[in-house]
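Please read through the following explanation with the structure open beside it, taking the helix contact between the chains before the sheet and the overall arrangement of the copies.

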2 protein chains.
Amino acid sequence: VSSSLRDDLLSVLGAGGVLPDVPRSYLIDETETRDVVGRADAVVLPASADEVAAVLRFAYETRIPVVPRGGGTGYAGGAVPDGGIVLSLERLKAVRSFDPFHWRMHVEAGVTTAQVRERARASGLYFPPDPGAGEQSQIGGNIATNAGGPHAFKYGTTGAWVTGLEVVVPPGDVIHVGGPIRKDVAGYDLKHLFIGSEGTLGIITAAWLRLIPAPEASRAIVAFFPGAVEGCAAIDELLGSGLDLAAIEFVDEEALAATPAAFAPGVGRAFAILVEAEGATAAVGETIEAAAETLVGADFIYSPETSVGQAAIWRWREGMTSGVTAQLGGKVSEDVVVPLDRLADAILGTREIGARHALRACSWGHAGDGNLHSTFMVRRGDPSDFAAADRAALELFDLAIRLGGSISGEHGIGTQKLGQLERYWQPRAYELHTKLKDVFDPLGLLNPGKKL
Amino acid sequence: VSSSLRDDLLSVLGAGGVLPDVPRSYLIDETETRDVVGRADAVVLPASADEVAAVLRFAYETRIPVVPRGGGTGYAGGAVPDGGIVLSLERLKAVRSFDPFHWRMHVEAGVTTAQVRERARASGLYFPPDPGAGEQSQIGGNIATNAGGPHAFKYGTTGAWVTGLEVVVPPGDVIHVGGPIRKDVAGYDLKHLFIGSEGTLGIITAAWLRLIPAPEASRAIVAFFPGAVEGCAAIDELLGSGLDLAAIEFVDEEALAATPAAFAPGVGRAFAILVEAEGATAAVGETIEAAAETLVGADFIYSPETSVGQAAIWRWREGMTSGVTAQLGGKVSEDVVVPLDRLADAILGTREIGARHALRACSWGHAGDGNLHSTFMVRRGDPSDFAAADRAALELFDLAIRLGGSISGEHGIGTQKLGQLERYWQPRAYELHTKLKDVFDPLGLLNPGKKL
């Protein structure tokens, strides 16, 4: 950190708000598995929205980029800086209010998603979004990326649970959009424009969240099929059955091989489907029984009654990312989304693309949303592996678009998909997209090099 | 219609696409009860998105305003023209595709909401949004206003069910945002920017809708309370109970008096609460029984078992608008929204404001969303009544904001709340709002004089 920049920032924030150096932990996110490490000139930890505004005002006066940072659990490089000031929201961690009777919570950006869920649950309420890394990921970052997760199938992504935002916008103003209200059509939907904008339009400092009564019970089962085609046919049957399911996840053969499931030893495991229902206890039992009947073509169905067995299912599912990463040390993992009826094409297509580039490929993810974590395994530090994976990823994006889908279902563009949007969006739509950025951040200092 | 304008439009659209004159029915919407009637130079009925684009291109070349029009059931004057070309979407009425197995429907803008719901229901699926006037209101207009309705309490407003849009934007381009996919965070959320924009940013020509399995059963009850304070306390209890309810509606004393309920003769009727549950038959029964226990302070609870009795409840609820209008012939009805805990303040405040301006006032609406139809009754054709109602409406907006709410929960700004947004939004937020309009419609020809 240059001493003059540090002195300037100290005059803006005081000693508690500026780190003496730039720790490596502020230069990375989950794209570390792609050997991505950023660089920064300073790290600031403002303690309030006003302090965030003061930093942004300073940045706008001095033309220095600002990279907002939540828990650093993103998969697209959105929080990885390329110079400038890293602005971490970690000190904005107050629950400003929690009103269980009216199903709402007002939290600052640095509160973790796990804290929101635990606080709600203690009062019989439920915050459904469940992107991975709940203990580390922060609600501000989850909103800025519109994070998904398994239960987005029933409940929608994070943005569906936000009724209001406090946002700092250039050149340093704190604005509010929405609030502790459940409907608002007065103005254009600025709230949804900030949701998923990856910190490129404004810095989210607080959010009003909507909650619902916690379901009385939940129950999951895992069914194993001989292959992706059979498995996807079963998923189609599940959807067509109209059962009220909370999550429908899948894991393909190569991903299964990377993640031993203690509950399915010896099973010929080529394709797994995880199905969960949530709701009243009796209804959940009936729904899961009906789902099991629908999955009649399965080789094996694991259907534990105990909470230990249930926990084992989700621990296995949540271990997928690290299990696959552990195979060769690194991975290039995307998050394409396709129409539900094209899921098998996308799963098989991922494998074919990997084979063409001599890469081990696999996929798993949110079958019920048509959202795949299509993954190419690479050796950390091996440039030829990474180059092959980058080429494979481009073919994967083409495939998703050809199938009628999108290049990102939940991770966003970040740096890792930069330049892709203009390949797929119509020119006029992309032009509107870039002009929106200009409206909010005319100097282009907010998280530059991300999203567009 | 001037013959030169008509000739020009005929050259763009052909004979089937241009009306010979300007029927009065294209100059009004539900604000007719406020004596609002517009004027227009021509009415066009394009039959495709490309024809809509051709009209917009012509309008941009000749600098003529274009006012998009759905079913004309809005309450804010959003479809009332003030000169220029009225562009009705009524001929875009194809269901482009319906895939019941994958819970989605692709419809053109002119399909009515009732048609969407019926088509879904015939395959065991459900399109939850239920703004009034389903037979007449069109899905394009419902999306352009992000229409609400009673079931928005459980399911959210219309926008929550839209996964993709086809939109014609100036100067005459057809663009697509989203599609038949359930998640998409690739670009900024242009989709939500069009939703609720009241035709001022683009003209929606088609939408991809998300559906869910139809609930097995639904059941409603109506509870009558001695007054608004007691009724709102009961609503608070209902919310706090955490019961899984689909709708919580209220009707205050003066509105009750305007709408005879055959099922509650002789009951001292000062405040009514309508509660509905949807889901598995057994669960619905249990939920409604539990709700009835929660409403123990009621004077009387109507809890019919028959479908005839159930239908009577909703017929009564849906007759509220016309019943209140019939009292004096006209009304000025707003749609403010407040935090749930301020509902009683808003209901009593509406009455106080009415009294101050010597107007009969009442309210009813979506209690579970804190969304009130606060209404001042007026004599049609009486300017002093209307002037008093306009003054009362301004006080009502102030009240909603003071209570932490918004001036519009579901009707939008249109012409009727024009100028209000800048009174309540922070200057920087309002500046961003106006700049968004400039990005999409730099000449200001799309539905001018609405929203901003």
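In this predicted model, the crossing of helix α15(A) with helix α15(B) is right-handed. The two helices, each spanning residues 427-440 in its own chain, have axes that come within 10 Å and cross at roughly 155 degrees. Because angles over 145 degrees count as roughly antiparallel, α15(A) is roughly antiparallel to α15(B). From α15(A) the contact draws on Arg428(A), Leu432(A), Lys435(A), Leu436(A), Val439(A) and Phe440(A), and from α15(B) on Arg428(B), Leu432(B), Lys435(B), Leu436(B), Val439(B) and Phe440(B). Sorted by character, the residues of this contact are eight nonpolar and four charged, with no polar ones.

The relation between the whole chains can be described next. Two copies of a chain are related by a rotation about an axis and a shift along it. Here, a turn of 180 degrees with a shift of 0.0 Å along the axis lays chain B on chain A with an RMSD of 0.0 Å, and the two copies are therefore related as by a two-fold rotation axis. Within chain B, the C-alpha nearest this axis belongs to His192(B), at 3.1 Å from it. Since 100% of the interface residues of chain B are also interface residues in chain A, the copies meet through the same surface.

Inside chain B, an open sheet of seven strands is arranged in the order β14-β11-β13-β12-β16-β17-β15, with antiparallel pairing. The edges are occupied by β14 (300-302) and β15 (329-333) of chain B, each of which has a single partner strand, so that one side of each is left without a neighbour in the sheet. From one strand to the next, the twist averages 20 degrees. The edge strand β15(B) is joined by five bridges to β17 (residues 371-379) of chain B, and the two run antiparallel; on the β17(B) side, Phe376(B) is the bridge partner of Val332(B).

Helices of chain B also pack on this sheet. Helix α12 (residues 343-356) of chain B touches β12 (247-252), β13, β16 (361-366) and β17 of chain B, and the direction of α12 makes about 10 degrees with that of β17(B). Helix α9 (residues 281-294) of chain B lies across β11 (217-225), β13 (271-279) and β14 of chain B, and runs at about 155 degrees to β13(B).

Terms used. Residues numbered from 1 in each chain as written. Chains lettered and ligands numbered in written order. Predicted model: local features only at pLDDT ≥ 70, side-chain atom pairs only at ≥ 80, totals over all residues. Heavy atoms only, no water. Axes fitted to C-alpha atoms, helices over the stretch in contact; angles between N-to-C directions. Helix = DSSP H or I, 4+ residues; strand = E, 2+ residues; numbered from the N terminus. Parallel < 35°, antiparallel > 145°, perpendicular 65-115°, else oblique. Left-handed = near helix turned anticlockwise from the far one by under 90°. Contact = heavy atoms within 4.5 Å. Nonpolar A, V, L, I, M, F, W, Y, C, P; charged D, E, K, R; others polar. Pairing = 2+ DSSP bridges. Least-squares fit on C-alpha atoms with pLDDT ≥ 70 in both.
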